[in-house]
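Subject: Structure for you, with notes

Hello,

Here is the structure I promised to send over. Please open it beside these notes.

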Amino acid sequence: MSEAVKVVDDVAFEDLLANPYPVFKRVRDLGPVVKVEAANIMMVTRFDDIMAIERDPETFSSINPQSLLNTVIGPNLMRKDGDDHARERAAMDPSLRPGVVKRCWADPMRAICDDVISQIEHKGEAELFEDLAAPIAARALADILGFDGVDWRTMALWSQSLIDGSGNYSHDPEIARKAKEAASGVESAVDRMLPHHRDNPNPSMLSSMLQADPPQTVEQIYANIKVAIGGGLNETRDSILTLILGLLQNPDQLARIRAEPSLWGQAFEEAVRWISPIGMYPRRLTRDTEISGTLVRKGEQVGLCVGAANHDDRRFSDPEKFDVFREKKSHLAFGAGSHFCAGTWVSRALVSQIAVPTVFERLRNLRLKDPDRVRIRGWVFRGPTHMPVIWDV
């Protein structure tokens, strides 16, 4: 006999923002689908359940015309399935393939990292969110998109405003205003660059979208560039910070990785499992169905909490620990199925092959200025937001 969805009504929204993992564990132990009133969503938190859902897009659909993501940025590939999703994804993919990342983007990303680090290297201290990770992630993304003359701070503001607008379930008018302003700014930047990329085919995402078959409409380009800015910037920024934090808190692991550089990729995968930059995304049910014995009705929306699944103690031992050398198992930090993150190879290259190794090479004896001052926030999007460090000059 099917069970009804259980409800948790004694969790504050601030609890999720400050540290969602105790809430996730409670929810995971309570049932396969649990409504958390503070978040106004039914959470799916178990690894195996999320994998099963991602294998069944006909039942668990990304399509939701009323979603805030569509409202803020327009109809986009994140809220599409099947052929519609595949066509728009195929228009972006040529810029993001592993070979293209290596041939076209590795050297520019290395130059960006060198430039950003050179600006702080002589100071002996920095706040890594603002002084390192945000400018690296924003400048690299601007290059890959094909934007010219857009300041990294503008990119970061657009990204945060679009993210906040897409999660504005309280309908805060100021958040909505900032999101609308960011969307308009992105569209103006696209309009300014399209003639250049139309006349000069190149590896950038804007150029790939223009060369796609069938060609992408301007509206599709607008929407999916906003998706890339909203999700792509923070994911890279936060994984840079998370990997640095995990290694600074575990100097024995750092020492071994520096002695064996082939381990940098393994360290990156553990970092995004440990603190997943994108922690939740929704799916809408197209029919009544059971999730591990719990009945969920057609039309309901569930939140796939991949951040919770990456701490599922049924799959990962001591999941709260950062352990580069834990037993190798796949994680869900980049999602799964047809919506597997398009920017995965860019993040892996920039974070684990370029940015973080260069940080530890250039900033000698890097260490946290005060471990108690490190701040980590969020649950739908999560990462370090304040990380002061010092090093030897």
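Below are notes on a helix pair, a sheet, a pocket and a cavity.

One caution at the start: this is a predicted model.

**Helix pair**

Start with helix H13, residues 264-274, and helix H15, residues 344-362. Their axes lie 9 Å apart, and the packing angle is about 110°. H13 is therefore roughly perpendicular to H15, since angles of 65 to 115 degrees count as such. On the H13 side, the contact uses Trp264, Gly265, Phe268 and Glu269. On the H15 side, they meet Ser347, Arg348, Val351, Ser352, Val356, Pro357 and Phe360. Sorted by class, this contact holds six nonpolar, three polar and two charged residues.

**Second largest pocket**

H13 turns up again here. It supplies four residues to the lining of the second largest pocket, the largest share. The space inside is about 260 Å³. The lining has 17 residues. Closest to the centre are Glu269, Glu270, Lys328, Lys329 and His331. Glu269 is thus named twice: in the contact with H15 and in the pocket lining. What is the class make-up of this lining? Nine residues are charged, four are polar and four are nonpolar.

**Sheet**

The sheet is open and has six strands. Its order is S1-S2-S3-S9-S6-S4, and the pairing is mixed. Which strands form the edges? They are S1 (6-8) and S4 (60-61), each paired on one side only. Inside the order, S2 (residues 34-36) and S3 (residues 41-44) run antiparallel. Three bridges join S2 and S3. Met43 in S3 stands opposite Val34.

**Cavity**

With a threshold of 30 Å³ or more, the count is one cavity. The largest cavity holds about 40 Å³ of space. Its lining ties back to the sheet: strand S6, residues 281-285, gives the most, with three residues. The lining is made up as follows:

- Ser61, Ser62, Ile63, Asn64 and Ser67
- Arg79
- Pro282, Arg283 and Arg284
- Gln301

By class, five of these residues are polar, three are charged and two are nonpolar.

**In brief**

Two sites to load in your viewer: the pocket of about 260 Å³ and the cavity of about 40 Å³. H13 gives the largest share of the pocket lining, and S6 gives the most to the cavity lining. Charged residues number nine in the pocket lining and three in the cavity lining.

Best wishes

Methods. Residues are numbered from 1 along each chain as its sequence is written. This is a predicted model: local features need pLDDT of at least 70, side-chain atom pairs count only at pLDDT 80 or more; totals for chains, interfaces and linings use all residues. Side-chain values use heavy atoms; hydrogens and water are left out. Axes are lines fitted to C-alpha atoms, for helices over the stretch in contact, and angles run from 0 to 180 degrees between N-to-C directions. Helices (H or I, at least four residues) and strands (E, at least two) are DSSP runs, numbered from the N terminus. Angles under 35 degrees count as roughly parallel, over 145 as roughly antiparallel, 65 to 115 as roughly perpendicular and the rest as oblique. Contact means heavy atoms within 4.5 Å. Ala, Val, Leu, Ile, Met, Phe, Trp, Tyr, Cys and Pro count as nonpolar, Asp, Glu, Lys and Arg as charged, and the others, Gly among them, as polar. Two strands pair if DSSP finds at least two bridges between them. On a 1 Å grid over the protein atoms alone, a cavity is a set of points where a 1.4 Å probe fits but cannot get out, and a pocket is an open set with protein on both sides within 12 Å along at least five of seven lines; lining residues have an atom within 4 Å of a point. Grid points are joined across faces, edges and corners, and a volume is the space filled by probe spheres set on the points.
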